[in-house]
Every structure is written in C-alpha cells, then in structure tokens.
Amino acid sequence: MLKFRIFWGIFISSLVVMLIATLSVIWVSSGISRQKVRQELEIYTHNLGSIIDRSGIDTLSAIKVFPFRITLIRPDGIVIFDSGAKASEMGNHIKRKEVQEALIKGAGSDVRYSATLSVRTHYFALRLSNGQILRCSYDVDTVFSGVGTLISYLALIVLVSAFISCIAARFIARRITEPLIHIDLDHPLENDVYDEMTPLLERISSQQKHIASQFEQIKGQSEELSAVTSNMTEGLVVLNAVGEVLSINNSAMHILGAENTCVGHSFLAVDRSDYVRQFFEDKSGAQSRSSEFDRDGKIYKVFFNRVGSESEIHGYALIYIDVTASRQAERQRQEFTANVSHELKTPLQSIIGAAELLESGLVKDTDRQDFYRRIGRQGHALLGMINDIIFLSRLDEGKARESMEDLDIGALSREVIRALEDKAKAKNITITLEGSCTPFFGIYRYLYELIFNLSENAVKYGREGGWVRIILADGKAGECVIRVADNGIGIPLADQEHVFERFYRVDKSHSKRSEGTGLGLSIVKRVALFFGGKVGLKSESGKGSEFTITLPRKEDKTTGA
C-alpha cells in the first residue's frame with residue numbers, strides 16, 4: 001500500500017542517515033583512538049629501548065606490568081624474551097616485516113592477524129644499540145574497548161531517534177495518503193484532492209473511457225472469433241513468424257491428436273509430417289500451398305498460408321478439411337458408374353441379340369417363344385436393377401418419401417416368406433419365422449426390402465433341402481433385432497468385409513446360377529443406416545451365414561441417415 005511505502009521510505013531514510021552519522025562518529029573516534037595508541041606505542045618502545053641500552057636486558061625482568069606486549073629478538077630472529085608467552089616456545093621471527101624493517105632501517109611497523117594469538121595485532125619494532133630488536137605490540141580489538149562507552153551512548157541515541165522518526169514518518173505518511181486512499185477511480189473527476197492531482201485525474205478519466213471502448217470492441221471480436229473457430233468442423237491452427245502455435249481450435253486438436261498445452265510451442269513438436277517440413281522449407285515465396293494426407297483412416301486436405309509480405313513473414317495459418325467423404329463418394333461414383341455400365345450391358349446385349357435374331361427371320365417359329373421369354377426375363381432383370389439403383393439413390397439422399405407407420409415386423413416377415421415360397425420349393429428349402437418383436441415405427445417398403453433381400457440371398461445360396469430362419473426379438477436397450485440365418489454355402493472370411501459393397505459378388509464368375517443385381521446387401525445396409533441401425537455378419541465357408549440387423553427405437557419417431 002502507498003501509505004506503508006511512504007512510511008517506510010521516510011522511516012528508513014531517516015534511520016539510514018542516523019546510522020551513517022553514528023558509524024561515521026565511531027569510525028572517526030576509533031581512528032583517532034588508534035592513532036593515539038600507535039603514537040603511545042612508538043614512544044613507549046623508544047623509551048624502553050633507551051632503558052635497555054643503558055641498563056641491559058635484566059631491566060625487563062624487573063618490570064612486572066607492561067602496557068603493551070614486549071618481545072626481544074636477536075638479530076638472527078630467535079626470541080629471547082616475550083611478556084605474553086615463553087620465549088622458547090615461539091618460532092623464529094627473522095622474516096617478520098617489522099623485524100626486517102628494523103634490521104635495515106632501524107625501525108619498522110606492521111599490522112596483521114596473529115595465528116598464534118588469534119587476534120589482529122599492530123607491531124612496532126626498534127633496533128637497539130647491541131643489534132637486538134625490541135618489538136612492542138597491542139591488539140587492535142582493544143582499541144574499541146576505549147570507545148565502548150561512546151558506542152553505548154550512540155546506540156541509545158539511535159534508538160530514541162528511530163522511535164521519533166517512526167512516529168513522524170507515520171504522521172506524514174497518513175497526511176499524504178489520506179486523500180489518495182479515498183479517490184474514486186470510477187469517477188476520477190468527482191474527487192476532492194490536491195490541485196496537483198487534477199491533471200492526473202483528468203488523464204485517468206480520458207484513458208478509462210478509451211480503454212473501456214477498446215475493451216468492449218476487443219471482447220466482442222474475441223467472443224465472435226472464439227465462437228466461430230471452436231464450432232468449426234475444419235481444423236484451424238495459427239502460428240507466429242517462428243512457427244510457434246498461437247491458437248488451435250478443437251477440430252485441429254482432434255485431427256492432430258494435440259492438446260491445449262501445445263500453445264506457445266513449436267508446431268513441429270505437434271506434427272513432424274513431411275508436408276509440414278516441406279511447407280516451412282519452401283523457398284518459392286508462394287503465399288499458399290495445399291496437400292493431402294491420411295490419418296486414422298481419414299483423408300484430410302491442409303491449406304498452408306503465409307501471412308505477411310514477400311520480404312517479411314508475420315505468421316502462418318493452417319486449415320484442415322476432412323475430405324474423406326468427398327473422396328470416398330468420388331471413388332464410389334466412379335466404381336458405381338463402371339459397375340452400372342457393366343451390369344446394364346449384359347441384359348441389354350441379350351435383349352438386342354434376341355431381337356436382332358427375331359428381326360432377321362433366322363429363328364424358327366418353334367423357337368420364337370423361347371426368345372420372347374428370354375427378352376422378357378432380361379427386361380425384368382434390367383427393370384429390377386434400375387429399380388434397385390433408384391431405391392439406393394433415395395436411401396443415399398437420407399430422406400423418406402413414403403409415410404412412416406407402426407409396423408408388425410412378424411406380419412411383414414410372413415409376407416416375405418410367401419413371396420419366396422416358389423423359389424424355396426424349387427430347392428426344397430424350408431423358410432421359418434421364429435420369435436416376435438414390438439411394433440417398429442418405420443417405412444413399410446424399406447423394411448420389406450431389408451428382410452426380403454436377406455431372405456432371398458439365403459434361399460439363392462442355400463443348399464438343396466436346407467433351411468432359412470427369420471428370427472425376431474427385442475434387444476436389451478429396446479431395439480428391434482432381426483436375424484436371418486441359413487445353412488447354405490457361407491461366405492469366405494476374405495469376402496465378408498466387401499459383401500455390402502454395391503455390385504460385389506462372392507461368385508466372381510457372375511454365373512447364371514447366382515443371377516442378381518449385386519445390390520441386395522447394399523440396400524440392406526443402407527436401410528439399416530437410414531433408421532440409425534447397424535448390420536452384423538457371422539459366416540463360415542460351407543457352414544452357412546447369419547445376418548443381424550439392430551434397429552434402435554426413437555421416442556420422437558423420427559429417422560435419418
């Protein structure tokens with residue numbers, strides 16, 4: 001808070017000034033004290049040296065108390081007397097700085113830390129007339145003991161001054177901050193403060209209006225952009241100039257298998273595919289490129305756009321579009337066109353051939369009926385194929401053109417059995433209906449085609465004297481479950497994933513024994529998908545097949561592809 005900052009600023013400033021003043025007094029006092037003691041040390045050393053020169057070394061033994069530590073050293077550095085320790089226990093002092101200076105110049109001094117006594121000591125050495133060295137010393141720490149009383153008084157003064165400064169700083173801080181604390185920033189021009197604050201408050205008011213306007217504009221744009229990008233089915237990734245992710249929407253994260261944590265990291269850490277590296281390494285200067293790639297069984301087209309001028313790149317934008325459906329639809333259209341052309345050609349050629357023979361008069365009168373029957377049979381086959389193609393097209397549109405109603409699947413199945421009765425008798429195949437299910441809300445023709453195609457296939461590929469069963473039941477979740485099983489020739493495992501494709505036949509020879517449009521199981525799958533259901537298949541070559549159709553019931557009784 002401002003009040004505490006002002007308080008501490010004033011208090012600490014005054015305290016620092018007092019401490020500096022106090023330390024300065026102590027430093028000056030200690031300096032004067034050291035200088036005085038140093039002078040006394042030198043004077044005492046000279047006086048004691050004169051006494052020793054006159055009276056000899058025995059004089060030292062007669063002195064009981066020394067104001068300083070006294071050491072007498074021979075010219076070779078051996079200590080012969082020390083007032084603070086046994087001379088025999090002390091090392092050679094010949095290399096000591098003050099001793100060297102005394103030997104050369106007659107006197108010398110030094111200040112150092114003594115390893116022996118563990119104190120910082122000042123030394124003064126004097127060469128005597130007999131060549132010996134007299135050294136006197138004192139501990140520097142003892143100097144401060146002389147100013148101890150002064151330090152105590154100064155400390156007391158500092159504490160009193162700090163207390164007074166604290167009160168004064170608090171009073172001044174409160175007087176300064178009181179008007180500022182109660183400023184209404186939402187209405188800055190309505191405050192009663194110092195005149196010096198008026199320009200600042202006017203500036204704040206102007207800035208607030210400008211910021212509020214910009215904030216509302218940015219907020220609206222951000223919400224609009226977020227709503228658009230988050231609900232896009234296309235993936236969108238925005239990168240900066242160095243390829244780091246600035247933004248990525250939900251679709252792009254799903255496509256790339258990324259998470260929000262990738263924002264702020266290099267895009268190459270998200271996707272290291274070849275097409276990405278090619279985009280970044282492209283030196284052609286093109287502003288936009290595109291590529292297609294497969295991922296998780298889907299086909300995506302990515303558009304890579306550079307944002308900026310040719311000389312300067314501000315960033316990149318990548319748009320991912322799922323083109324799986326369009327590519328599959330294109331491939332299916334191509335396959336469907338080729339298959340339709342091939343399948344329609346066979347009955348047409350048979351009809352044209354028979355008609356040309358009849359027209360040429362080469363057919364005997366006794367054989368004409370056979371040719372007419374052949375034309376009629378092929379015409380019916382051609383019509384059936386066209387009807388199936390039209391029916392599939394309507395299913396592909398996903399829109400029902402017939403009315404929906406509650407259907408009795410059991411009654412509908414019995415109608416299928418009656419329709420296939422002649423074909424089944426021709427191969428001595430028994431068709432039976434088992435079980436029942438709750439009425440299903442659907443389209444009669446669609447469900448009839450579903451059950452009919454499954455049952456017709458079962459009869460067509462059934463064994464002589466075999467059986468076909470239509471089994472009805474309600475699923476655990478209330479679904480309508482329709483199963484058509486037989487003990488026919490079965491479907492090889494390699495063909496099972498293709499049998500629902502249009503015009504696909506397990507019998508690659510297209511033999512007359514298994515005539516048909518090749519669209520029956522495609523219709524079955526499309527009808528199941530139309531009602532939101534699914535198709536299952538269990539089959540083993542030589543042991544029959546079982547198709548399971550599961551159709552969910554919807555409470556609102558609506559359907560869609």
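In which loop is D296 found? Before I answer, please keep in mind that what we are looking at is a predicted model. D296 sits in the loop that runs between β8, residues 288-295, and β9, residues 298-308. What draws attention to D296 is its backbone, since phi is positive there, at about 55 degrees, although D296 is not a glycine. As for its surroundings, D296 counts as exposed, because its relative accessibility is 72%.

A second residue can be described in similar terms. N428, which is likewise not a glycine, has a positive phi near 55 degrees, and it lies in the loop between α12, residues 421-426, and β12, residues 430-435. With a relative accessibility of 54%, where exposed means over 50%, N428 therefore also counts as exposed.

Let me turn to helix α11, which spans residues 409-419 and whose buried residues are I409, G410, L412, S413, V416 and I417. Looking down the axis of α11, one finds these buried residues within an arc of 160 degrees, so they line one face of the helix. The N-terminal end of α11 is capped by D408, with a side-chain oxygen of D408 placed 3.0 Å from the backbone nitrogen of G410, and G410 is itself one of the buried residues of this helix.

Finally, a word about the surface. L156, V160, F163, I164 and I167 together make a nonpolar surface patch of about 510 Å². Of these residues, I167 can be placed in helix α5, which covers residues 148-181.

Note on methods. Residues numbered from 1 in each chain as written. Predicted model: local features only at pLDDT ≥ 70, side-chain atom pairs only at ≥ 80, totals over all residues. Heavy atoms only, no water. Patch = residues over 30% accessible without salt bridge, like charges linked within 9 Å, V, L, I, M, F, W, Y side chains within 5 Å. Areas by Shrake-Rupley, 256 points an atom, 1.4 Å probe, with all protein chains shown as cover. Salt bridge = Lys/Arg side-chain N within 4 Å of Asp/Glu carboxyl O. Helix = DSSP H or I, 4+ residues; strand = E, 2+ residues; numbered from the N terminus. Buried < 20%, exposed > 50% of the residue type's maximum accessible area, 1.4 Å probe, protein only. Arc of directions from axis to C-beta. Polar contact = N/O pair within 3.5 Å; in protein donor to acceptor, adjacent residues only side chain to side chain.
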